[in-house]
Structures are given as structure tokens and as C-alpha cells.
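Colleague: Please take a close look at the interior of this model. I should like one connected account of what is enclosed there and how the aromatic side chains are arranged.

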Amino acid sequence: MWFECRQPEVAAMIVIHVLTSSWLSFTAFALKPPPADDEGIKSYFILTSLLTSYPIMSSDHVRELCSSAQSIASELAKDPTQEVVKVVKHLRKEWKAKTSNKSKDEEKDERARLDRAAACGKFPERPSDLFLKVRICQLIYSDILASTAADPFANLLAPSLAGTSGVIPLSIVSVIPDIMRHYADLIVHAQREVFLATNYWEDSHCASLISDALRALSARCLSSSGGEPVVVKLIYDRGTPKQVLNNHAAVAPEDWAAVGLPRPDELAGIRLEVLNYHRPPLGTFHAKYLVVDRTLACLNSNNIQDRPNVEMMIHLEGPVVEAFYDMALFSWANALDPPLPLLAEPPAHADVYKFGQDNEHLKYIDTEFTSEASRNLLRKQHERDAQPVDGAPDGSRIGHAVRTAVGHRPADGGPYGKDELVGAHPGMNVPNVGDSATNADGEQHPDGVNSVNGNGVDEAQLTARQDRPRQVDVQGSTTASQDTASSSPSASAPTSETPTDVPERHPSGPELLKTDYDGADAGAAQRSRIAAITEHLNATKFAGQGTAADDASLDSFCPHILHAPHAPVPIAMANRAPKGTPGHEGIEDVPQDAAWLSAFKHAEKNIFIQTPTFNASPVIPATIDACRRGVQVTLYLDLGFNDLGEMIPFQGGTNEQVVHTMYTTLNKEGKQDNLKVFWYTAKDQNEPMSATKKARNCHVKFMSIDDRVSILGNGNQDTQSWFHSQEVNVVVDSGALAAEWRAGIDANQSTARYGRVDPADGVWRAPDGSGRVVESSGTKTTGVFGGLKGITGAIRRVRGTGGF
């Protein structure tokens, strides 16, 4: 055969999607941005409403459900051997028993609607009106029809848990190893159960770290006399045609090693169960979160892969964890074998929460060391930036395009798979738990738990098992490699080449302060500081150096955001279920989409969004409408991120195409100054990174409205996330947290300083007046080969290899 396909069945699913899209003429208005004029926007939303009309529950019944104590967990606890899907089916039937044809406009008084929305959540205090306006889009009182009223499980959890509260002591905005290190620490210290969800689990160094954490957890369980094994559930998405019949496919233990998981005999101390969840052909399980001991949860943007992206994670505690717990059960669907041990033991939440080093889950964090290590990683990754993609072996453009369309790319062996630079990051080590390991009698385990794994193998063998260097200090914290330690000012003694007059670090501030070297040493010192940041941010094989100037703007680089102490804040879940069938209809019965649209609708001052992709058909007119109202809309987008996927028909186009179109529309009306678009610019760079390098990107998914309400989690602002993937997001009502997040996002990139595009046409131009541009696919049409490449991107999205 003249081309080879690694996964022809996946390619077939995508081709079917492209072909079947042609019959969707009735909903074609949703397959591309609607007209940008007022009448076009009005017609778009009116038609959407007509297409999604159905009977709804009475508002009193919705409020009753939201105020009850009933949940999936509470029902499953009555008989833990039940299939979760049957529990959900029973509850859905019971909760939808009371319906009516009540008009959406029945309750027109806004204050009354807000009061009822506040009553439909278990909030610690009355949330802000802005938060409630976003929240009611998930209830019967919304302008665009309540998803909860249409389907009690539209939000993937019991309505009683959708409006809740919690604290967020930690956020991470950094490279994936920093987030995986936090995951590993939480897993190693788990006492009863772990639930881990990711879009894609790829055999990689990041996956190896989690596997080693499971081995260490197993060792700890075996070392505790009389201790019960910790139950671990892992769910991921590796699409296969077999899931046409069973979306929730159990992964047999004998198949674990094939995806980089430990063998069953290595995990004698824990009970692991693995599930592969996908709704063919397009319903991707895109969720990424962790729940440990039913007391804490993490929500993050990254998959468990080695990728050169800057990502974001938040650590949550308090009642909101119950929402994640219910959502995890809903997604699992199958019977739990074995059941989660805490099903019948809901936690008693603390009256006072701890922050910083007082929080037992954050004690391991050394912000200075972590910042230095991550800067080193970014610099090393920069070495791959200029590596070109190999051409077609036979020299045939058509042959190369077809091979690309079916997922056979020479680049698959480069940016994807195991990244040795990620593996060398000192955070990619099994966390030490020697000080925390106790047996059933409360006695300290003398040797710590990193000395043996679940099969009695000593730590040296555990390290040797992996195909990359790891260091685990069983007596103390994880240590850096010799090369990293010797290059880190905080980890080495002064030498003749190391200035000794470095200013003192602020205890809670920047991780790498500006140096004040004089004379001949000044240039070298500045280059060293920029190189350190570049090394942290790099994760692939490209040659290059940091180009940013060494000034005060570099002082703020810090991966960990240790949030100021705060009381529990109102939080609402804004999720969406996977939809496998083609078509872009039905956004109004999706909590995530309703929340996003409501945020645009109710913003009065400003909207800030950072997302890799921005092309979903509803978000474009919503952005233009907000700008017309005088709202300042700021977008941090990636230049060329997943252009291959976004060029497929009906996916919405590339970021460049969308931005150019929006500016064209707003310039005609004199509203262009209300839209500020920036291409992601890495902290060590002074201009956006060209898509031709296909290396470092920002994968953060974050939105803030009027500096008060934030929406963050898994969902991108693209067609796949809006219409097909399962997503998990939280809506947080806190001006303080919104400010800390925005500051943290800006601290670890140079986007605000160097990335703004020209409002005349949406094109970035060098500030030196030369007219030089940095572009990816540009604003031109892509042609047939662009379409074929787009199919490749979609295939990689389904396979999980695109880092989405």
C-alpha cells in the first residue's frame, strides 16, 4: 500500500464525520460564525432557541432538587455493587417526574430571579449579582433555557451539588512537570481512595511519574500492618471503534503495561481499576481532574503527556469536592470493582482552612527551587524550536498529504511520546513520604516508603526500572540532578563565576530577582537569567535562545501561586457531556456553554480570556456584541495552535482567520479599540512564537468577567469543546482570586508586553517599524491540502496526541 495508517479505524471515524456533515443543512447556521450584524446575531439566537424548545420542570421543583441532600454518591452508597449508570437512570426518572410547559419568560423580575438562583445553591453567603446571572443560565430562570430543568444530569452531577463553595489554596501556571509533581505528591499520601481522570494517558515521563507514585503508594500500604489497600480509579480516552457498543470500556490488567501503567504484580498494595471512555466518533472525554480521599480535588488544563505547553491547575478543598466526586461517579458509569471505600462516608468539612506551608498538602513546595528547575526546563526545550518537519519520503505532495490525513506523520516521533527533557526535570521524581508513613498502630515506618515498591523491590530498582534518570531522597525532599543543582544559584555555593551580591529574595514574591551587576558582568548576568527562564519553559527539540530583555518584568516569574488565606467562596460547576454525533446544535442545554454565553451577555466592564483556540461559532458574535456595548474584551490566544485541526471543514477556522474577521467587522463600526488580541509570547521571548515551530504553546483555559467572576477548567473556546467534548469547569465568585489568577497568568508569560496584534487587521507586526510579521496559516484560505491537514489534526484530537 502506498501509504501506511497507524489507526485506520480512527481515520475512518473522522472521514465519516466530514462526509455526514453535509446533510446538516438545517443547522448549518451553527457550523460557521453567524453574520456579525445585529440582525444576524438576533436571528442566530432566536433560531437556536426554537431548535431547543421542550417541556421543562417547574422552578419550585428545580429549587427543591438543588436544596436536597440527594446525590449519585448517596444513592450508590445504599448498594455499592450497582452500575452507576442505573443509579443515574433511576434518579433522572424520579427527578423529571414533575414537568410543565411554563414559559421561559414567566419570571421577568430580575431581583426575584436572582433571589431564586441564590436559593438554588449551597453557598456560604449570597453571591454577587454577576455570579448569579451566570449561574441562572444553568437554571430554569435563564434567558436561554435552563439545562438543569431540561435534564437533571446535564451538569454531570446531582443538582444539589452544582452550586457549592470551597477554598483554593494553590494554583500552578507552569510546565506540566510542576503540575504532575503535585499530583504525585497527593497520590503518594492518599489514605483511602484516588480518582484520576485525564483526556489522554500517554506512555511518557509524566505518565511514568504517576506510575511511580502508584508504586510508592502500594509500598506504603504494604508497609502498614493491618492497613487496607487504597482503591484507585483511572479513566482516560483512547478512542476505538469497540466503543460504538460500549462507551465505557474496561481496560484489562494485562493491557496496562501497553499504555505505560505498572503491571498488576507491581501494585500489590492497592486496588487499581482502569476505564477507557469515548463516545464515537466525536464525543471526546476531555476532562482532567483528580479527587483524593473525598477531601480535595485538582482541576487542570493538561493531559498526562510530555508536552511543551504552559498549563494551569487549581487545588480545591471544601464542599466543592463533593461535586467532583459525584461527577467522577457519573463519568465512570460502570459498576465499581472494588467500590470506593468512602462512598458511605461523606467528609465533615473544616470550619477553618489552612494555606501556604500550614496546609499539609503544600508543605513540599519550594517555590524558589521549583521556579529555578522549571526555568531550566524551558531553556532546554528551546533547543527543539527550529526542528523542521520532515518532508514526504517519496517527494509526492499528494502522497504526503494523504499520509498526513490518516495520521502517519514523521513528526509523530518527535514532539510526541517521551520527552527526555521533561524526564530530566527534578520535579519528575517520586515524592518522599517517609515522614508521613505510619502503620495501623500509628508507628512511624523506619525506612520511609520509597525504599520498596509494591513487590518488595528496593528504591534503586524502582529508579532503574524507568528509562530516564530520577532521584528520590527518602530522607527529605526531591533533589535536583547534579547539573541542575550546580547551575542553580539557590542550590550551589558561590564560585568565582557566581556573583555573591545577589539581592535578597522576597519571602512570598518573585522567584528570580533582577541582578544589579556592574560593568563587564552585567551582560552575562542578564543572559544567564533569561536563559534560566528559557530552560524552564522548553520541552522539545529546537535550537534558539531567549530574546526578552532582562528587566523588572522577569522578576515575577513563579510557577506556584500560593493564594492568600480566604474563607470559602461561592463556586458553581459548569460542565458538558460528550456528544458523539456530528452537528453544532443544542448549546442552550449545556451548562458550560450557557455559562460562557451568559458571561459575555452580563459583563459590564471587561472580559479576559486565555485559551489555545478561539473559533466556536457562538463565541465570535458574543465577543463582537460585548465590544459593541463598550465592554473591553482581552484575548490571549495561541498563534497557530492546532491549525491542522481547526482547518477541517466546519471546525471554525484558525485563530488568525477569526481574529482578522472580528477586527474587520469592528473597524467598520469604529469599535475596534474595545477588542485587544494578543498572541501568546513566552516569558523568555520578545515576540510571539511562530506556528512553524510547533513546539511551545500556552494551554491555559481561563476567563474572568468584570474582575470578579472567573470560569476555568478544561474547556477551550473552540468547536470541539463547545459542541462535542466532555468538559469540566468551575465558576468562582471572588474578586481576590480573580486578581491573583490574572497576576499569575501575566507573571509567567510576556504576552501582555509583546504579543498585541494590530487592531487594523489583527496581524502582529514587529514594533521596530520594519513591517515584519509572525504568522502561521495566515488569514488566507487553506485549499485542499489545508483541508487534508485539518483531518489529520482532528484524528490527533481523537487519538489524544494533540495536547488538547
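Modeller: C298 counts as buried, because its relative accessibility is 0%. The model is a predicted one, and C627 in it is likewise buried at 0% relative accessibility. A search of the whole structure for disulfides returns 0.

The nonpolar interior comes next. The largest nonpolar core has 66 residues, and Y289, F324 and L329 touch the most other members. Helix α11 (residues 320-332) supplies the largest share of this core, with 10 residues. Leaving aside residues up to four places away in sequence, L329 touches I72, A73, L76, V84, L336, L340 and L343. Another core of 51 residues lies apart from it, with A574, A603, V757 and V774 among them. In soluble globular proteins, nonpolar side chains tend to be buried together.

Two helices illustrate enclosure. In helix α10 (residues 205-223), 17 of the 19 residues are buried, so this helix is largely enclosed by the rest of the structure. Its end C-alpha atoms are 27 Å apart, which agrees with the 27 Å that 19 residues should span at 1.5 Å a residue. Helix α21 (residues 655-669) reaches 22 Å from first to last C-alpha over 15 residues, close to the expected 21 Å. Among the buried residues of α21 are V658, V659, M662, Y663 and L666. The buried residues of this helix pack against α19 (619-628), β14 (632-637) and β15 (675-679). Just after α21, G670 adopts a positive phi of about 70°.

As for the aromatic side chains, the count comes to 12 pairs with ring centres within 6.5 Å. One of these pairs joins W596 and W722 in a tilted arrangement, 5.1 Å centre to centre with 45° between the planes. W596 belongs to helix α18 (residues 591-602) and W722 to helix α22 (residues 719-723), so the pair ties together parts 126 residues apart in sequence. W596 is buried at a relative accessible area of 2%, and W722 is buried at 0%.

F608 and Y636 form an edge-to-face pair, with centres 4.7 Å apart and 85° between the planes. Because F608 lies in strand β13 (residues 606-611) and Y636 in strand β14, this pair ties together parts 28 residues apart in sequence. F608 is buried at a relative accessible area of 2%, and Y636 is buried at 1%. Ring pairs link these two residues with F678, F702 and W741 into a cluster. The charged end of R742 sits over the ring of F608, 3.8 Å from its centre.

Terms used: Residues numbered from 1 in each chain as written. Predicted model: local features only at pLDDT ≥ 70, side-chain atom pairs only at ≥ 80, totals over all residues. Heavy atoms only, no water. Core = buried A, V, L, I, M, F, W, Y, C linked by side-chain atoms within 4.5 Å. Buried < 20%, exposed > 50% of the residue type's maximum accessible area, 1.4 Å probe, protein only. Helix = DSSP H or I, 4+ residues; strand = E, 2+ residues; numbered from the N terminus. Contact = heavy atoms within 4.5 Å. Disulfide = S-S within 2.5 Å. Expected span 1.5 Å × (residues − 1). Phe/Tyr/Trp six-rings, centres within 6.5 Å; stacked < 30°, edge-to-face > 60°. Lys NZ or Arg CZ within 6 Å of the ring centre and 35° of its normal.
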